[in-house]
Amino acid sequence: MLLIHKPKLKQSALLLFICLLLCMLLPPFPAHANSLPFSSGITLSASTSTPEVGGSFTVTATANVSELFAFETKFTYDPQSVKLIRADAAANGNLIKPVGEEGEIILAWSKEGNEQPTNGTMRMAELTFTVLKEGETEVSWQSLRIANRSLQEVAVTPDISLRVHARSESGLGDAGGVSAPKTDGIGKGPATVAPEVAIFTNPAQTMQLSEKAVTVTSESGNRVHAVLNMTQVLQEIQGSSKENSTFVIMIPTQESSAVSVDVPSEVLQAIQSVSGRSGSLVISSSVGMYKLPIDQLKLDASSTVTITIAPVSEEQAQALRTIVADEGFTLAGVPVDFYISILDASGQVTEMHDYESAFAARTLPAENIDPAESAAVLFRTDGTLAPVPTLFVKQPDGSYMALIHRMGNSTYGLIMGSRTFADLSGHWSKGDIERLAGRLLVNGDTDGRFRPDDAITRVEFAKLLADALALPEKDARMTFRDVDPSTWYFPALRTATAFALMEGYDGGEFRPESSVSREEIAVMLDRALHLTGYKYDSPVPNIHLLDRDQLNDWSKDAIQTMLGLGIITGDQENRIQPLLSATRAEAVVMLKRLMIKLSFMNE
């Protein structure tokens, strides 16, 4: 439930609401039928103790209760440091719309009808915050009033606080070209680093090469070509601080100009040398930016890498508009082609279509579009669209920049629009499913239904995962005896298995139409996390699973990670039912949480 700030209500008003609700839901019963409610073992925990500025973290409040049928609770926080974006209470009950003035939140909840009171450990609240600034911030559990079925109340003073230390640096590191940008503007950095460049670099570790280092010439057809002045470039790189790992080449261009830059391998080797083999090169222009993953390139001493960032022609743009319109969306702006080629000593030119393991970062200007109803797409050579991981980052001037991560190079563009399905009305997952549908990640059946409560099959999840990460198709050999190469899912299944996200069973079977258990999904999401190069401190789960004994040994580490990162959550009784088949809705929601954690989409 999204929090909507309203004028503060008196606590008695909230309790009166609960009373009226219970009177309508409960049959008469004797006043002495219930024991007094009781609460102990109160805890507060966070999904991470070191969230980053612009990122988010979730605080979970739990308590050991007996005879609990309803409760009202209050938390406080520093609105100058964090912004509350979501507030939930226990599942399977009635949560009154959260209220409170800025810096506080009050939740009131009750069970339904003739449900039995809760006894044992219970999740009382789950609060998600966006981090506004660096430094220490505190969330405090101020009060708790609980009631039994007879509306007998007990007041508890939790008197417990939780502190987290917000940091400005990304938690994703710089592996494979992936870094976590700030989603709420750009942090301060050296004056030489343009604000837009900072969305995928750490300003403190970034150096912009001087104008003397680059010679720019205009070519026919509205193209700009840049050549590096080797002596100057090498002098600046080798004389840079040891802390610098990212070097930026700024190319002054018109908005519609195509840009190409020739970079000799000697320059890239110098960057790797001063950065301890972890360096990167950013090409920045008004058309877009590209972060070159140097360690993915196979170079000899005489190689030259050419990076080209070029808007498509008007004729091509018109054809792409038609393709987008046929999908029910609108093309925003002009698509841009990102092209990387390598000229070796023999004069042979090799185009870098795909990278082995790097999610290379690039940007497109997104101007004033609505990030909630926009997405970036890849235009395939066969005339179809494909989703790509995209985060819309707000710039200091209020406009947006689309940050795209993918293990390859191609033509990318922005689309606007939305999708829904006929059977989502009133469903708890409606918003999440529609968000991913608007990014072309999920589809319905021929009748326009999504079937959210159906069990998701192995091939459905294989396609969902491969599409979400925009993995390049692998021409790997796949020999499952129960998989027909002519099926619609064969390419996605081949890709998912080639990247080791999924595997088959003994006997050479894949069992494509079998359902996927919750623990199996946790393992596959954990593999996807590692594939992206995501770096994190070992997360501590904010709940103690009561059904941990049901986990298979092969899933325990993945379950621990997914719980700690908030990708999967337990129910109000701290159970995840790992062997239960996951529904299509549950799979979508878990994938969405993973994408947000990776900074591959906005919250």
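Let's start in the middle of this predicted model, at a single pair of residues: I342 has T350 of β20 as its bridge partner. That pair belongs to a short antiparallel match, in which strand β19 (residues 330-343) and strand β20 (residues 349-351) are joined by 3 bridges. The two strands make a hairpin with 5 residues between them, and in the turn sits G347, whose phi is positive at about 90°.

β19 has other partners too. Strand β18 (residues 304-311) runs antiparallel to β19, with 8 bridges between them. If you want a place to look, find P311, which stands opposite V336 of β19. Then there is strand β26 (residues 411-416), which pairs with β19 over 5 bridges, again in the antiparallel sense. Here L331 is matched with I415 of β26.

Next, have a look at the open sheet. It is built from 7 strands in the order β11-β14-β16-β17-β21-β25-β24, and its pairing is mixed. The edges are β11 (206-208) and β24 (390-394); each has a single partner strand, so one side of each has no neighbour in the sheet. Going from one strand to the next, the twist averages 20°.

Within that sheet, strand β14 (residues 246-250) and strand β16 (residues 280-284) run parallel and are joined by 5 bridges. One residue pair to pick out is F247, whose bridge partner in β16 is L281. Helix α3 (residues 265-274) packs on this sheet, where it touches β14, β16 and β17 (289-292), and its direction makes about 125° with that of β16.

Now for the helices, with α10 (residues 584-597) as the one to keep in view. How do α6 and α10 lie relative to each other, parallel or perpendicular? The axes of helix α6 (residues 458-468) and α10 come within 11 Å and cross at roughly 20°. Angles under 35 degrees count as roughly parallel, so that is what α6 is to α10. The crossing of this pair is right-handed. On the α6 side the contact is made by E460, F461, L464, L465 and A468, and these meet R584, A587, V588, L591 and M595 of α10. By type, the residues of this contact are 8 nonpolar, no polar and 2 charged.

The other helix to compare is α5 (residues 430-437). Its axis and that of α10 come within 9 Å and cross at roughly 70°. α5 and α10 are therefore roughly perpendicular to each other, and the crossing is left-handed. In this contact D432, I433, R435 and L436 from α5 meet A585, V588, V589, L591 and K592 from α10. The residues here divide into 6 nonpolar, no polar and 3 charged. V588 and L591 of α10 turn up in the contact with α6 and in the one with α5.

Last stop: the aromatic rings. A pair of aromatic rings is described by the distance of the centres and the angle of the planes. Searching the whole structure turns up 10 aromatic pairs. One of them is F57 with F129: the ring centres are 5.5 Å apart and the planes are at 25°, so the pair is stacked. F57 lies in strand β2 (residues 56-68) and F129 in strand β7 (residues 118-131), so this pair ties together parts that are 72 residues apart in sequence.

Key
Residues numbered from 1 in each chain as written. Predicted model: local features only at pLDDT ≥ 70, side-chain atom pairs only at ≥ 80, totals over all residues. Heavy atoms only, no water. Pairing = 2+ DSSP bridges. Helix = DSSP H or I, 4+ residues; strand = E, 2+ residues; numbered from the N terminus. Axes fitted to C-alpha atoms, helices over the stretch in contact; angles between N-to-C directions. Parallel < 35°, antiparallel > 145°, perpendicular 65-115°, else oblique. Left-handed = near helix turned anticlockwise from the far one by under 90°. Contact = heavy atoms within 4.5 Å. Nonpolar A, V, L, I, M, F, W, Y, C, P; charged D, E, K, R; others polar. Phe/Tyr/Trp six-rings, centres within 6.5 Å; stacked < 30°, edge-to-face > 60°.
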